[in-house]
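The following note is offered to a colleague who will read the chain alongside its coordinates. The points are numbered and may be taken in any order.

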Amino acid sequence: MTVTKKAHVWIGVGKMEKAIEVINLTKKFGSLTAVNNISFQVQRGQIFGFLGANGSGKSTTIRMLCGILTPSSGEGRVLGFDIVREAEQIKQNIGYMSQKFSLYEDLTVEENIAFYAGIYGLSGTTAEKRKKEIIELANLRGREKHLAGNLSGGWKQRLALGCALLHNPSLLFLDEPTAGVDPVSRRIFWEIIKDLAGKGMTILVTTHYMDEAELCDTVGLIHFGNLVAFGTPEELKQKFGQESLEGVFISFVGKEELEAVQRRFRREG
Ligand SMILES: Nc1ncnc2c1ncn2[C@@H]1O[C@H](COP(=O)(O)OP(=O)(O)OP(=O)(O)O)[C@@H](O)[C@H]1O
């Protein structure tokens, strides 16, 4: 488990090995602690699977890492930039793809790409070159004139991924990118993800599919705001004595819930 609590010497983007580093990061909403004192690191070029039940604190953590939500306490660096003081630099260097895909259904594939190219400030030959590269990367050739709203789930998913990659980010956040997508499209999607990571892009992906978690280099399990497990899939299986990550996930989450019930009984008894 790589949990660091000491003070750190940060290195700038380009040279840095750690794409994400957070130390004792906490976010409170009133009396609710959504993220509780979590510390972890993700190395550059790695795929980090961020797992947890609904409401466990994944999105809150991601929003802090993207520089759009201020932590209550703790610190973090993304691509060498401070998540509070250098949020603008972070936003320029990351890509984000949400579960809802954020596409314009009444625009065509190429119009969606042109729209996002404009948002990222790309124009002229640069925009045109990136559009072609993205169409290739996302396997969208031949579908340029199709309305996004008429595409099937897998095509939409790859278009959304392509739009999130237009400005060539160093770090990509994927929030449940394969929810509701067929198995073949999921596989194609993961091949693209693996290829991007192989070229040095860091990927943080949330998923409820344990077969996808197995494909990650490192996995973190967040439960009621606490980072309760962190390591490679193999390390976690060994540590929790399970044959699969699904076993780790269920046994851990189940154990926590059981302990909470036991504590309540002890208090009431
Ligand atoms: N802006 C907010 N104000 C108050 N509470 C919030 C806010 N955002 C999130 N929460 C709460 O913080 C907790 C963690 O939520 P979060 O969205 O981070 O979980 P999650 O793991 O991403 O869940 P999901 O998988 O459903 O997206 C939840 O109890 C949620 O209700």
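Which residue of strand 2 does Phe29 stand opposite? The partner is Leu32, and point 2 places this pair in its sheet. The model under discussion is a predicted one.

1. Overall composition. The protein chain contains nine helices and 10 strands. Of its 269 residues, 38% count as buried. Among contacts with a separation of 6 or more, 68% join residues 24 or more positions apart. An unreviewed UniProt entry carries the annotation "domain: ABC transporter" for residues 20-249. Over that range the chain is 37% helix and 27% strand, and the C-alpha atoms at its two ends are 23 Å apart.

2. The open sheet. Four strands form an open sheet in the order 2-1-4-5, and their pairing is antiparallel. The edges are strand 2 (32-43) and strand 5 (81-82), each of which pairs on one side only. In general, the strands of a sheet pair through backbone hydrogen bonds, in either the parallel or the antiparallel sense. Strand 1 (residues 18-29) is joined to strand 2 over eight bridges in the antiparallel sense. Within this pairing, Phe29 faces Leu32, while Glu21 has Gln41 as its bridge partner in strand 2.

3. The hairpin turn. Two residues lie between strand 1 and strand 2 in their hairpin. One residue of the hairpin, Gly30, takes a positive phi near 60 degrees.

4. The ligand shell. Which residues surround the ligand? They are Phe29, Leu32, Ala34, Gly52, Asn54, Gly55, Ser56, Gly57, Lys58, Ser59 and Thr60. Phe29 and Leu32 are thus members of the shell as well as opposite one another in the hairpin strands. By class, the shell divides into three nonpolar residues, seven polar and one charged. The elements that supply two or more residues are strand 2 and helix 1 (58-65). Helix 1 contributes the most, with three residues.

5. Helix 1. Is helix 1 largely enclosed or exposed? Six of its eight residues are buried, so the helix is largely enclosed by the rest of the structure. The buried residues are Lys58, Ser59, Thr60, Thr61, Met64 and Leu65. Lys58, Ser59 and Thr60 also belong to the shell around the ligand. After the helix comes Gly67, which has a positive phi near 80 degrees.

6. Leu69. This residue lies in the loop between helix 1 and strand 4 (73-78). Leu69 has 18 other C-beta atoms within 10 Å and is therefore partly exposed; the buried class requires 20 or more. Leaving aside residues up to four places away in sequence, Leu69 touches Lys27, Thr60, Arg63 and Met64. Two of these partners, Thr60 and Met64, are among the buried residues of helix 1. The C-alpha atoms of Leu69 and Ala19 are separated by 19 Å, the two residues being 50 apart along the chain.

7. The nonpolar core. The largest nonpolar core has 63 residues, of which Val78, Leu166, Leu172, Ile203 and Leu204 touch the most other members. Helix 5 (residues 153-165) gives the most to this core, with six residues. Not counting residues up to four places away in sequence, Leu172 touches Gly95, Ala164, Leu196, Met201 and Ile203. Ile203, one of these partners, is itself listed among the core residues that touch the most other members.

8. Positive phi outside glycine. Most residues other than glycine have a negative phi. Asn24 departs from this pattern, with a positive phi of about 50 degrees, and its place is in strand 1. Asn24 has 16 C-beta neighbours inside 10 Å and therefore counts as partly exposed. Glu176 likewise has a positive phi, near 45 degrees. Where is Glu176 found? Its position is in the loop between strand 7 (171-175) and helix 6 (183-198). Glu176 counts as partly exposed because 18 C-beta neighbours lie inside 10 Å.

Conventions:
Residues numbered from 1 in each chain as written. Predicted model: local features only at pLDDT ≥ 70, side-chain atom pairs only at ≥ 80, totals over all residues. UniProt positions renumbered as here; feature names shortened; annotations may be inferred. Pairing = 2+ DSSP bridges. Core = buried A, V, L, I, M, F, W, Y, C linked by C-beta atoms within 7 Å. Buried ≥ 20, exposed ≤ 12 C-beta atoms within 10 Å, placed from the backbone. Contact = placed C-beta atoms within 7 Å. Near = placed C-beta within 6 Å. Nonpolar A, V, L, I, M, F, W, Y, C, P; charged D, E, K, R; others polar.
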